[in-house]
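Colleague: Got a minute to go through the helix packing with me?
Modeller: Sure, here it is.

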Amino acid sequence: MPWGVLGAFALAGCQVEVSLGGVDSSTASTSVGGSGGSGGSGGSGGTGGIDASVTVSSSSVSTGTGGWDPPQFTPDKVDLLFVVDNSGSMGDKQDVLRLALAEFVSGITNPPCVDSSGSPANQQPASGLSACPEGSSRARTPVHDMHIGVISSSLGGHGSGACPRNISPSNADMAHLLARSDPSVIVNDLPTYLDRGFLVWDANGSHSPAGDSDPVTLTTKLDNIVQGVGQAGCGFEAPLESLYRFLVDPEPYQTLTLQGDIAVPAGVDQTVLQQRKDFLRPDSLLLIVMLSDENDCSIREEGRNYLVAETRNGFRMWRPRSECATNPNDPCCRSCSQNQDGCPEDPACTGPDGFPARLSAAEDPVNLRCWDQKRRFGFDFLYPIERYTRALSSPTVALRTGDMAPNPIFSDLDPSDDNTRTRGPQHVIFTGIVGVPWQDLARQNALGEPDLVDGLDAEGNPVGGLKSAGELDAPVAGGFDSTWEIILGDPANHVAPADPFMIESMAPRSGANPITGDEPVHPDATGWNAINGREYTIPTGSSGDLQYACTFNLPITRSCDDAVQSCDCRPVAVHPIDSPLCMPEGTNDRADALPRTTTQVGAKAYPSIRELQLIRSLGEQGIAGSICPAQVADTSYGYRPIMHAVLDRLSSAL
């Protein structure tokens, strides 16, 4: 049930205590007009988002049963979209991604020539247009035509007062294509193809005007764009909804305004529609690469769902009914502000003022509003994962009214040209570089150890790298049905992952990783593990934090004495720093439980449960990788194993 249909009791409490009616309309709404990147028809509003000329190929929709018979063909072009989390502390991971871009682009545009055994030929051609030496062939078909775009995870406050643009312009990028030199830049200022916000690889010069044909120039431009995404965006990261808004939403709203205390989307963001039409070809291979170090927080943009992001006037969430603590799926697990019909009276639901009881500041840290919502609040404010599974696999998607409309991903957005062939789900690949230990995803060697270099594939070949979709689904030693049981558990039934490092928790965790045997180290203990280092003390009364899924060493240390928000070793007055990301006092032994300094030596990620749920639901369309790289040197450096997994998948798709 959407929050927008809660009873009048909740309405009255909200109006009195939140005082949203007295907030200036400029902060009580999210408007996308005139912001973001260049290109298209600007940010002007519209009255409808469904272009009557947009069609789904009749050959791809079967009649009678309502099923779908996806078209069968091999794409000869690629549309590559990067979805980059731009919240605080993401700069380190963006830098690691940038280091992998040149090799990744080269692997697509100029794949190596290999002999019959798969070994690289002694001489490699200078470009994808050149022939391989005699006795060798390309590892995969070179791509001569590619669009490359970048969007961020920031969609503003979803109707709340959080993440205003006047604090940081990149708080509300609204899924517009980004090509800015700095996150403080409001309008794109980096060069893109025809100022449309994306790059074009055009090896054959088939575009008019021609796009980039020099891989060094292309990679340099892309590197600058990723760097400009920055880490000054909204802390309510919504990478999944950003993806949906740019690629799929038939009517991305122009404004999200509070009418009373109800968030109402209105108008259509014509910039998104035009950029989508320019970027997305109907018959390309659509390759999506998402980089995020936290669990997705795609808040429903309707009704009162925005309240979970609200912080104005000291707003606190309502208490959940007592049933939520033991069984979030209980029919009576509800917010105390909801209608309680059919449930026994719960005395804890009535506050001293007679209104529904609220949580205290300690129980409701602002930074944790997206964590474990059903148990903690009695209500799930986020879009369901099925929304995004459908977006990447179904020919139709829902409008605001609930009616169905053609899915733009599987439609011809420009019927006026001569390109009428439309892709099927097999032509969409989603890669998540997210918060999960790399050890859980790596193939294991003959000794059963995670090994990115010599790990064995399903046929027993020592190829290294990451598990394929089939391998992730296969049983794992220890009696586990699949790797997904280890890293996900059963989120729908609130069953925790078997890997303790993938459990979202403020408190120190216990147990052992089923694959490596590593155990979380309590903050009071001495010791170190290879996955997240150790647990740390989250100060009481802080804005909130969770224990880390994984950590990795920074190539260059940095001081947090200036208390920059994105620095993870900022001075904390209420408790000595004991984070595994920070240098210990008086010793270089990071296993010590001593208080730590404000010098940051590591970076972290949190369990990215929702992104991994999407990857699992997509089967062969999904690729899972860890945002915590295993090494800072050699062939397993950085995100290369993930990019190699993507390239391997392209080998069968192109």
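Modeller: One term up front: buried means under 20% relative accessible area. Also, this is a predicted model.

Colleague: Fine. Which residues of helix 13 are buried?
Modeller: In helix 13, they are Pro 641, Ile 642, Met 643, Ala 645, Val 646, Leu 647, Arg 649, Leu 650 and Ala 653.

Colleague: What do the buried residues of helix 13 pack against?
Modeller: Helix 2, plus strand 9 (285-291), strand 12 (428-434) and strand 16 (622-626).

Colleague: At what angle do helix 2 and helix 13 pack?
Modeller: About 20 degrees, with the axes 10 Å apart. Angles under 35 degrees count as roughly parallel, so helix 2 and helix 13 are roughly parallel to each other. Their crossing is right-handed.

Colleague: Which residues of helix 2 make the contact?
Modeller: Leu 97, Ala 100, Glu 103, Phe 104, Gly 107 and Ile 108. Helix 13 brings Arg 640, Met 643, His 644, Val 646, Leu 647 and Leu 650. By class, the contact of helix 2 with helix 13 has 8 nonpolar, 2 polar and 2 charged residues.

Colleague: Switching partners. How do helix 2 and helix 3 pack?
Modeller: Helix 2 (residues 91-109) meets helix 3 (residues 215-229) at about 160 degrees, axes 10 Å apart. That makes helix 2 roughly antiparallel to helix 3. The crossing of this pair is right-handed.

Colleague: Which residues of helix 2 are in the contact with helix 3?
Modeller: Gln 94, Leu 97, Arg 98, Leu 101, Ala 102 and Val 105. Helix 3 residues there include Leu 218, Leu 222 and Val 226.

Colleague: And how many nonpolar residues does the contact of helix 2 with helix 3 have?
Modeller: 8 nonpolar, alongside 3 polar and 2 charged.

Conventions:
Residues are numbered from 1 along each chain as its sequence is written. This is a predicted model: local features need pLDDT of at least 70, side-chain atom pairs count only at pLDDT 80 or more; totals for chains, interfaces and linings use all residues. Side-chain values use heavy atoms; hydrogens and water are left out. Axes are lines fitted to C-alpha atoms, for helices over the stretch in contact, and angles run from 0 to 180 degrees between N-to-C directions. Helices (H or I, at least four residues) and strands (E, at least two) are DSSP runs, numbered from the N terminus. Angles under 35 degrees count as roughly parallel, over 145 as roughly antiparallel, 65 to 115 as roughly perpendicular and the rest as oblique. A crossing is left-handed if the near helix is turned anticlockwise from the far one by less than a right angle, and right-handed if clockwise. Contact means heavy atoms within 4.5 Å. Ala, Val, Leu, Ile, Met, Phe, Trp, Tyr, Cys and Pro count as nonpolar, Asp, Glu, Lys and Arg as charged, and the others, Gly among them, as polar. Buried means under 20% relative accessible area, exposed over 50%, partly exposed in between (1.4 Å probe, protein chains only).
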